[in-house]
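Visitor: I am new to this structure and should like to be guided through it by question and answer. Please show it first.

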Amino acid sequence: MEHFKHERLISANEDLRDLVRRAESAVKGTRTISEGDLQTLSQCISNRAPSIGDASRSETLDTDLRSEIADYVRNFRALKTALDKIRCVIQTRRL
């Protein structure tokens, strides 16, 4: 069971890292991001939330799992920052 939680969390972290890279590329202007991309991003985050919640509520958190959860939180904060920047860029372009 714990191994399954590790795999799900590692997969969620990989997905989140990819989303952060895509969002940061959009902020830098090296990639465009569409409304569809943002919807996909939102859906990905929504789909992964239960995996992270399950892992973080585990009664037997080992060091590796705690480390993955901490990494996920850092990635999620980086994603939030990048999305805030994208929002500012979009608002600026509308003006």
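Visitor: Which residue forms a salt bridge with Lys 80?
Guide: This is a predicted model, in which local features need pLDDT of at least 70, side-chain atom pairs count only at pLDDT 80 or more, and totals for chains, interfaces and linings use all residues. Residues are numbered from 1 along each chain as its sequence is written, and side-chain values use heavy atoms, with hydrogens and water left out. A salt bridge is a side-chain nitrogen of Lys or Arg within 4 Å of a carboxyl oxygen of Asp or Glu. The closest N and O atoms are 2.9 Å apart in the salt bridge that joins Lys 80 to Asp 84.

Visitor: How are Lys 80 and Asp 84 placed in helix H3?
Guide: Helices (H or I, at least four residues) and strands (E, at least two) are DSSP runs, numbered from the N terminus. Lys 80 and Asp 84 are four residues apart in helix H3, so their separation is about one helical turn.

Visitor: Is Asp 84 buried or exposed, or does it lie in between?
Guide: Buried means under 20% relative accessible area, exposed over 50%, and partly exposed in between (1.4 Å probe, protein chains only). Asp 84 has a relative accessibility of 27%, so its class is partly exposed.

Visitor: How many salt bridges does a search of the whole structure find?
Guide: Besides the pair of Lys 80 and Asp 84, one of the salt bridges joins Asp 18 to Arg 22, with the closest N and O atoms 4.0 Å apart. Asp 18 and Arg 22 are four residues apart in helix H1, and so about one helical turn separates them. Asp 18 is partly exposed at 33%, and Arg 22 is partly exposed at 21%. For the whole structure, the number of salt bridges found is four.

Visitor: Which salt-bridge partner does Arg 17 have in a distant part of the chain?
Guide: The closest N and O atoms of this salt bridge, between Arg 17 and Asp 71, are 2.4 Å apart. The pair links distant parts of the chain, 54 residues apart: Arg 17 belongs to helix H1 (residues 2-28) and Asp 71 to helix H3. The two side chains also make a polar contact at 2.4 Å, a term for a pair of N or O atoms within 3.5 Å, where within protein one must be able to donate a hydrogen and the other to accept it, and residues adjacent in sequence count only if both atoms are side-chain atoms. The partner is Asp 71.

Visitor: Which of the terms buried and partly exposed applies to Arg 17, and which to Asp 71?
Guide: With a relative accessibility of 28%, Arg 17 counts as partly exposed. Asp 71 has 17%, and therefore counts as buried.

Visitor: Which residues are linked with Arg 17 in a network of salt bridges?
Guide: Arg 17 has a salt bridge with Asp 71. The network links Arg 17 with Asp 71 and Arg 74.

Visitor: Which residues does Asn 75 touch, leaving aside residues up to four places away in sequence?
Guide: Asn 75 is located in helix H3 and is buried at 12% relative accessible area. Contact means heavy atoms within 4.5 Å. With the same sequence neighbours left out, Asp 71 touches Asn 13 and Arg 17. For Asn 75, the residues touched are Asn 13, Leu 16, Arg 17 and Val 20.

Visitor: Why is the structure's one aromatic pair described as stacked?
Guide: Rings of Phe, Tyr and Trp (its six-membered ring) pair if their centres lie within 6.5 Å; planes under 30 degrees apart count as stacked, over 60 as edge-to-face and the rest as tilted. The structure holds one such pair. The ring centres of Tyr 72 and Phe 76 are 6.1 Å apart and their planes meet at 20°, so the pair is stacked.

Visitor: Is Tyr 72 buried or exposed?
Guide: Its partner, Phe 76, is partly exposed at 36% relative accessible area. Tyr 72 has a relative accessible area of 8%, and so it is buried.

Visitor: Where in the protein chain is confidence lowest?
Guide: The chain has three helices and zero strands. Its mean pLDDT (the predictor's confidence in each residue, from 0 to 100) is 76, and 80% of its residues reach 70 or more. Confidence is highest in H3, at 81, and lowest, at a mean of 67, in helix H2 (residues 35-56).
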